[in-house]
Amino acid sequence: MRPSFRAVGLAAILAATAAVPALAGDQIRTIDLFTRPQAAQPQEFQSIQLIAQEWRKLGLDVNVRVMPWEQMSDIVWYQREAWDVTAWQMVGRPERSDPDEIIYNLFHSSTAEKGYNFIGYVNPAYDEVATAQRVEIDEEARKELIYKAQEILAADQPNMMLVHPRQTFAFDSTVWNKESVVEQSGIGIRNTWTFMSLEPLGEQKDIILNSGDNVQAINPLYISGGVDSWVFELVYDRIARVGPDGLPQPWAAESYEWRDDKTIEVRLREGMNWHDGEPLTAEDVKFSFETAVSGEAPMYAPFASNIETIEVVDDLNLVFTLKQPAASFITSSLAKINLIPKHVWEPVIEDLKTKEENAESYQEQTPIGSGPFKFERWLTNEEIVLSANEDHFNAPKADRWILRIVPNVEAALGMLRSGEINFMGEFSGDPQVLIQAAEQDGDLEVVSTVEMGFRYVAFNNRRAPFDDPAFRKALSQAVDRRLIVGAAFRGFAVPSNSVISPALEFWYDPAVMEGFETGIDVAARMLEEAGYTLEGGRLHYPGDKTEEFAK
Amino acid sequence: MLDAAVERKPSLIGRLFRSLRLPLNEPFAVLGLLIYALFVLTAIFADQIAPYEPTEILFTPDYNLAADLRPGEDGYILGTTSLGRDIFSQIVHGSRSALLIGITAAFMVALIGSIVGLVSGYFRGWVDVILMRLADIAFGIPFLPFVIVLAAFLEPSIWNVVIAMALVLWRDTARVIRSQVLTLRSRGYVDAARVAGSSDLKIILRHIAPNILPLSFLYGSIAIGWAILTEASISFLGFGDPQSISWGYMLQDAFASQALAKQAYYWFVPPGFCIILVVSAGFFITRGYENILFPKLGR
Amino acid sequence: MPHLKAALSRTLQLLLVLWAVVTILFLMFRLMPGNPMAAYIDPTFTIEQQQALMAQFGLDKPLWEQYLIYVGNLLQGELGQSFRYREPVADRILALLPNTLILTFTSLIIAYVFGILAGAYLAWKRGGVVEHAAIPLVLTTRAMPEFWLGMVLLAVFSFNLGWFPAGGTRPAGANYDSLWALYTSRDFLTYLALPALTLAIYSQGLPLLLMRSNMLDVMKEDFVTMARIKGLSNWTVVVRHAARNALLPVMTSFAIAVGYQLQGNVVVESVFSWPGLGRELVNAVSASDYPLAQGAFLMIAVVVIVMNLIADLLYAFLDPRISHA
C-alpha cells in the first residue's frame with residue numbers, strides 16, 4: 001500500500017479528535033478485498049480500486065486481490081469461512097421481479113450454510129419478516145413486509161450496496177418502428193415483448209441481434225447461460241409471463257384465479273398448438289410441471305416443489321394445489337416452468353430415468369415448443385435462426401429472429417452501424433460510445449434502463465470485524481456512491497442502498513436512501529462512536545477485542 | 001572459421017563478450033541493438049520518466065474522472081484511458097514487463113536449449129535418444145494453447161509465459177545446438193584434447209561452449225520476441241496478469257473500451273508500435289547473426 | 001527400402017509423441033487446484049445432486065482409474081462430454097474443425113504463393129535498394145501481434161471502408177445445403193477475406209525468406225552458372241533452373257507452417273468472430289470446461305504432430321543427403 005498524503009492528513013485529524021480510550025483492542029488485520037480482473041469486469045474492478053482507496057483513508061489496510069470468476073466463486077461459495085470482502089453482482093431476470101428470491105434466499109439464516117446467503121447474515125428479526133412475506137397473499141400487506149425487510153437491511157448493512165447499473169441497448173430505427181419497441185422495467189428493451197412486437201418499416205423483416213457469449217443449450221429443462229434464455233423464452237410458452245411492468249400476467253392461460261391461499265385454478269387459451277401441429281392440452285401442462293420435479297431436471301425442481309397435486313379437469317382446465325401458501329407462486333412457478341409437449345418428452349424422460357444422465361444433457365435436434373417463434377437451425381458458435389410462428393395467439397410481426405455470436409465488442413458495434421445486425425442485444429462496452437455512434441449515424445436509437453440487478457460488495461458477516469453491524473455500516477457509508485456511478489460506471493448506473501431496485505416501483509422502499517449520508521468524515525465518526533480507535537494511522541478493534549483471523 | 005582461437009588472454013567478460021560475436025558491422029543489427037538499449041534505459045528509469053503510477057486513477061481539477069482525454073489535454077502526453085489512467089506512464093512501465101518477460105524467457109530458452117543440445121550432442125548414445133524424444137514431444141505441443149491452459153490454471157501472472165516457454169520452446173534451440181555440437185565434435189581438436197587427457201567438462205567448457213554461444217544468443221533474441229508477442233496475445237484473450245501493466249494488457253484494455261470506435265489512435269497505436277519495435281529489433285539482430293554464422297543460409 | 005524403414009520408425013515415434021501429449025494433457029487438466037465442477041454445480045444443488053454430477057463425469061474415481069478410462073475412451077474416438085454444453089466434445093470439435101482448416105489453408109496458400117514469388121524476385125534483385133528495404137519490412141510483419149493487425153484491418157476495411165463484413169462466415173440467416181456449398185459461395189469469400197489476409201500477412205515471411213535464401217544458394221551452383229554461360233536469359237535461368245530447385249524445401253516448410261498457423265488462429269478467430277477450434281479452446285478454458293478444452297487442445301496437437309511428421313518425411317524423401325541413422 002502506498003501512503004497517500006490525504007490519508008495521513010485525515011488520520012492525524014482523527015487521532016486528534018478521538019478521545020484516548022482506556023483500552024484498545026488489537027490492530028485490525030489486512031483486509032482482503034476480491035474483485036474480478038479489469039479485462040472481464042472493468043466497472044467492478046474500478047469500483048473496488050476506488051473503494052479500497054477510500055477505506056485506506058480510514059486507517060484500514062486493504063489488499064485488493066484480483067482473480068477470475070471461477071476462482072472467486074470457488075472461495076466465496078465453497079470456503080465460506082475463508083474470505084473477508086468480495087465484489088459481487090446479481091443479474092436481473094424477469095422472474096426476479098418478484099422480490100421473494102432476493103429477500104429470502106440472499107439473507108434468510110437457513111440458506112447461510114449452503115445456499116445463497118453466502119455472507120452468513122443471521123438476524124432472527126429479519127428471518128421472521130422474510131418468512132412472513134412468502135405466505136402473505138395480500139399484496140399491500142406483503143408490500144409492508146418487503147419495506148420492513150429493506151429497512152432492516154439498511155440498518156444492518158450485511159452488504160454494501162453499490163449501484164443498479166443501466167442496461168444499454170440499441171437498434172436500427174430505419175429498420176424497426178421505434179413505437180414498437182417495448183421497454184421492460186428492470187430489464188431493458190432486449191426482451192421477449194420487444195421481439196414479438198417489433199414492426200418492420202421496410203424490406204428487412206429479420207431481427208438480427210448479437211451476443212458475445214455462445215449459446216450453450218436450447219433445452220426447456222435446463223437453466224443454462226443467460227443468452228440461452230433469450231432463445232427458449234421465444235420458443236416455449238409459459239402459463240404466465242412477467243409483463244413489461246414487472247408484474248406477471250396470464251399468457252398461455254386465459255386466466256387464473258386463487259380459490260383459497262393454497263389452490264389456484266388455471267384456464268388455458270383455446271386453440272393452442274405445438275410447433276409440430278399437435279394441440280396443446282392440460283395434460284401437457286401437467287406433464288411439464290411434473291417433469292420439473294421428476295429428478296430429471298434438478299435446476300427447475302425448486303420452482304415446482306411446492307406443488308402438492310395438479311388436477312386436470314378437462315382439456316383446458318387445471319387446478320394446482322400447493323403444499324404451503326406462496327405469494328410468489330405465479331411469478332416463480334407459473335411464469336418460470338416452460339410448457340413442453342408430452343408426446344415428445346415422455347419417451348425421452350422414461351429413457352433418461354434408466355440412465356445416469358438427466359434431461360439437462362439432452363439436446364433435441366429440433367426443439368418443439370408452442371411459443372411465438374419456431375426453431376429453424378443452430379450453427380455452432382455462429383448463429384441461431386428462429387422463424388415467426390404465425391399461428392401463435394401473439395404472432396410476431398417480424399419474419400425471423402437471428403442471433404449472431406460476436407465475441408468482439410468492437411465488431412458488434414461496427415456491425416450495428418453497417419446493418420449486419422439491426423438490434424444490439426448485448427453491449428459490454430462503454431455506453432457513451434454507443435450514444436456517440438447513434439449521434440453520428442442518426443439512424444440508431446439507444447435506450448438505457450435501470451436494471452433490477454445490482455452490484456455490491458459482500459462482507460463476510462462470520463468474520464470480525466464484519467460481524468459488527470456498526471463497522472459494516474461505517475465502511476459502507478465511507479464511500480460516496482456518486483463516485484462509483486461517475487468514475488466506474490461513467491454515469492450509467494443509479495446509486496443503491498437496497499437489494500430491491502427502484503425499477504421495481506411497487507416493492508422499492510425509497511426511505512432507505514433518505515438519511516444515507518456518506519463521506520470519510522461520516523464513517524470516521526461512526527467508527528469512533530462504535531469504539532474503534534486509530535493508533536499509528538491504523539484502525540484498532542474496540543475494547544479488549546483480539547484479532548482472530550490474522551495470517 | 002568458428003574456432004575461438006585464443007591468442008591472448010583478455011578478461012573473462014571481454015572473452016565472453018567477444019565470443020558473443022555481436023554483429024556490429026550489419027547496419028540493421030546495430031539498429032536492433034540501439035532499440036534494445038533505448039528500451040532497457042526506459043525500463044530502468046521508468047519511475048523517473050513516467051509522470052504517474054500506471055494504475056493510478058486520475059481525476060480532473062473539478063473532481064471528475066480524467067477519462068478518455070486526448071493527447072495533450074490537461075497535460076497528459078498521450079491522453080488517458082477510459083478508466084482514467086495515464087497512457088504515457090503505462091507505455092513507459094510496459095517496457096519493464098516486456099523486458100522482464102523477454103529477457104527471462106530468452107535466458108531460460110537459451111540456457112535449457114543449450115544444455116540439452118550440448119549434452120545430447122556431446123555424449124550421444126541413450127542420453128541423446130531420450131533428450132531428442134523429449135524434444136519431439138515438445139514439438140508436438142501447440143505453444144499458444146499450452147500457454148492459455150497454463151495461464152488459466154495457475155494464478156494469472158506474467159511468469160506463466162516464461163514458464164511455458166521454458167517448458168516448450170527449448171526444443172528449437174536444443175536441436176540446432178545439438179547438430180552444431182555434432183559438427184564440432186567431428187573436428188580433430190576435440191579428440192586431440194581428449195587424448196591429451198582433458199575431462200569432458202573441460203572440453204565442453206573450453207572448446208565447445210564458446211563456439212555455440214553465438215547460436216544460443218541468436219535463439220535467445222528470437223525468444224525475446226516470441227515472449228513479448230505471446231504475452232500480448234494471451235493478454236488480449238483475457239488470460240493476462242491483471243496486476244502488472246504490459247503493452248498487451250494496454251491493447252486489451254483499449255479494445256475492450258472500444259478505442260477503435262472512439263478513434264483513440266493515441267491509445268492503441270503506441271503499445272502496438274512498441275511491441276513491433278522491440279520484437280523486430282530482436283529479428284534484426286538475429287538476421288545480422290545469421291549472416292555471420294551461416295553466410296550461405298541467411299534465413 | 002531405407003525410406004520405408006525410416007517412415008515406419010518415424011510413425012512409431014509419432015505414436016510415442018501422441019501418447020506423451022495425451023498423458024501430459026490428462027495430468028495438466030486433472031492435477032490443477034480446485035474442484036473442476038465448481039463453476040457448473042449450481043449452488044442450489046443438494047450434496048447428492050453434486051455427487052451424482054461428479055459421478056456422471058467420472059470425477060469420483062481415483063486418478064489412475066480416470067486415466068485408464070480416458071485413454072480407453074480416446075482409443076474409441078470418445079472425447080467425453082462437455083461440462084458447459086452437456087454434449088459430446090467430439091461433435092462440437094468436428095463441427096468447428098472444417099472452419100478452422102479452411103481458414104488455415106486459404107491463408108497459407110496466399111502466404112506461400114506471395115512469399116515464393118516475392119522471395120524469388122528479391123533473390124533475383126539481390127543487393128539492390130528493393131531488397132534492402134524489403135527484408136526489414138518482412139521482418140517487421142512477423143513482429144506484429146496478429147490480433148492487433150486483425151483489429152486494424154477490421155477498422156480500415158470493414159468499419160471505415162465497408163468493403164468486408166465484420167465477422168462470421170456467412171450472411172445472417174443464409175442457408176446452404178452443405179459446407180461445400182458454403183465454402184464455394186461468393187458471400188463466403190467476403191467473410192473469409194479479412195481473417196485470411198491477417199494470417200497471410202503474418203505468415204508470408206517464412207516462405208519469402210526461405211525462398212530467397214534457397215534461390216541465392218542454388219544460383220551459386222554449377223548448373224546455373226552453366227546455363228548462364230550457355231547464354232540463356234537471366235529470367236529463364238531464374239524461373240527454369242533456380243526457382244524449381246529452390247522450391248522443394250519451401251514446400252516442405254508448408255507442413256510445419258500449418259501447425260504454427262493453427263496456433264495463430266486462436267487469436268484471429270476471436271477477432272473475426274470465426275466459429276473455429278481456436279476460439280472454442282479459448283472459450284472452454286475461460287469457462288473451465290475441461291473436457292472440451294482438452295479435446296480442442298488434443299485436436300490441434302494431433303494436427304501439429306501429423307504435420308511435423310509429413311514435413312519430416314517430405315524432407316527425407318526430397319533430400320537424399322539426410323540419413324536415417
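This is a guided tour of a predicted model, with a selection to make at each stop.

**Stop 1: chain C on its own**

Select chain C and show it as a cartoon. Chain C has 13 helices and 0 strands, so the rule for helices and strands leaves a plain run of α elements from the N terminus on. Of its 325 residues, 54% count as buried. Among contacts in chain C with a separation of 6 or more, 76% join residues 24 or more positions apart.

**Stop 2: the two domains of chain C**

Colour residues 2-75 of chain C in one colour and residues 90-323 in another; the domain assignment gives these as domain 1 and domain 2. Which residues make up the contact? Domain 1 of chain C gives 18 residues and domain 2 of chain C gives 17 residues. Between them the two domains bury about 1600 Å², and carbon and sulfur atoms account for 79% of that area. The count of salt bridges between domain 1 and domain 2 of chain C is 0, and the count of residue pairs in polar contact is 1, both residues being at pLDDT 80 or more.

Now select α1 and α3 (63-75) of chain C. Each supplies at least two residues of the side of domain 1 that touches domain 2. The most comes from α1(C), with 13 residues. By class, this side of domain 1 has 14 nonpolar, 2 polar and 2 charged residues.

**Stop 3: where chain C meets chain B**

Show chain B next to chain C. Here 48 residues of chain C are in contact with 42 residues of chain B. How much area is buried between the two chains? The figure is about 4100 Å², with 78% given by carbon and sulfur atoms. Select C:Phe147, C:Trp148 and C:Gln263 as sticks: these residues supply 15% of the area that chain C buries against chain B, more than any other three residues.

The rule finds 0 salt bridges across this interface. It finds 2 residue pairs in polar contact, both at pLDDT 80 or more.

To see which helices of chain C take part, select α1 (2-30), α5 (129-142), α6 (146-160), α9 (205-220), α11 (234-271), α12 (277-286) and α13 (290-318); each supplies at least two residues of the side that touches chain B. The largest share of that side, 8 residues, comes from α1(C). Sorted by class, the side of chain C that touches chain B has 36 nonpolar, 8 polar and 4 charged residues.

**Stop 4: a salt bridge in chain B**

Stay with chain B and select B:Arg178 and B:Asp128. These two residues form a salt bridge, with the closest N and O atoms 2.7 Å apart. B:Arg178 is in helix α8 (residues 170-186) of chain B and B:Asp128 in helix α5 (residues 125-139), so the pair links parts of the chain 50 residues apart. B:Arg178 counts as partly exposed, at 22% relative accessibility, while B:Asp128 counts as buried, at 10%.

**Stop 5: salt bridges in chain A**

Move to chain A. Over all chains the structure holds 37 salt bridges. Select A:Asp84 and A:Arg29, whose side chains meet in one of them, at 2.5 Å from N to O. A:Asp84 lies in the loop between α3 (69-78) and β3 (85-90), and A:Arg29 in the loop between α1 (5-17) and β1 (31-35), so the pair ties together parts of chain A that are 55 residues apart in sequence. Are these two residues buried or exposed? Both A:Asp84 and A:Arg29 are buried. Add A:Arg463 and A:Glu547 to the selection to show the network of salt bridges that links them with A:Arg29 and A:Asp84.

Next select A:Asp98 and A:Arg142, a salt bridge with its closest N and O atoms 2.8 Å apart. A:Asp98 lies in the loop between β3 and α4 (100-105) and A:Arg142 in helix α6 (residues 139-156), so this pair ties together parts of chain A 44 residues apart in sequence. A:Asp98 is buried, with a relative accessible area of 6%, and A:Arg142 is buried too, at 3%.

**Stop 6: helix α12 of chain A**

Finish by selecting residues 409-418 of chain A, helix α12. Why is this helix described as largely enclosed by the rest of the structure? Because 8 of its 10 residues are buried. Among them are A:Val409, A:Glu410, A:Leu413 and A:Met415.

At the start of α12(A), look for a side-chain oxygen of A:Asn408, which reaches to within 3.0 Å of the backbone nitrogen of A:Glu410. Just after the helix, A:Gly419 takes a positive phi of about 90 degrees.

Notes
Residues are numbered from 1 along each chain as its sequence is written. Chains are lettered from A and ligands numbered from 1 in the order in which they are written. This is a predicted model: local features need pLDDT of at least 70, side-chain atom pairs count only at pLDDT 80 or more; totals for chains, interfaces and linings use all residues. Side-chain values use heavy atoms; hydrogens and water are left out. Contact means heavy atoms within 4.5 Å. Buried area is the accessible area (1.4 Å probe) that two parts lose on being put together, summed over both. A salt bridge is a side-chain nitrogen of Lys or Arg within 4 Å of a carboxyl oxygen of Asp or Glu. A polar contact is a pair of N or O atoms within 3.5 Å; within protein, one must be able to donate a hydrogen and the other to accept it, and residues adjacent in sequence count only if both atoms are side-chain atoms. Helices (H or I, at least four residues) and strands (E, at least two) are DSSP runs, numbered from the N terminus. Ala, Val, Leu, Ile, Met, Phe, Trp, Tyr, Cys and Pro count as nonpolar, Asp, Glu, Lys and Arg as charged, and the others, Gly among them, as polar. Domain bounds come from an automatic or database domain assignment. Buried means under 20% relative accessible area, exposed over 50%, partly exposed in between (1.4 Å probe, protein chains only).
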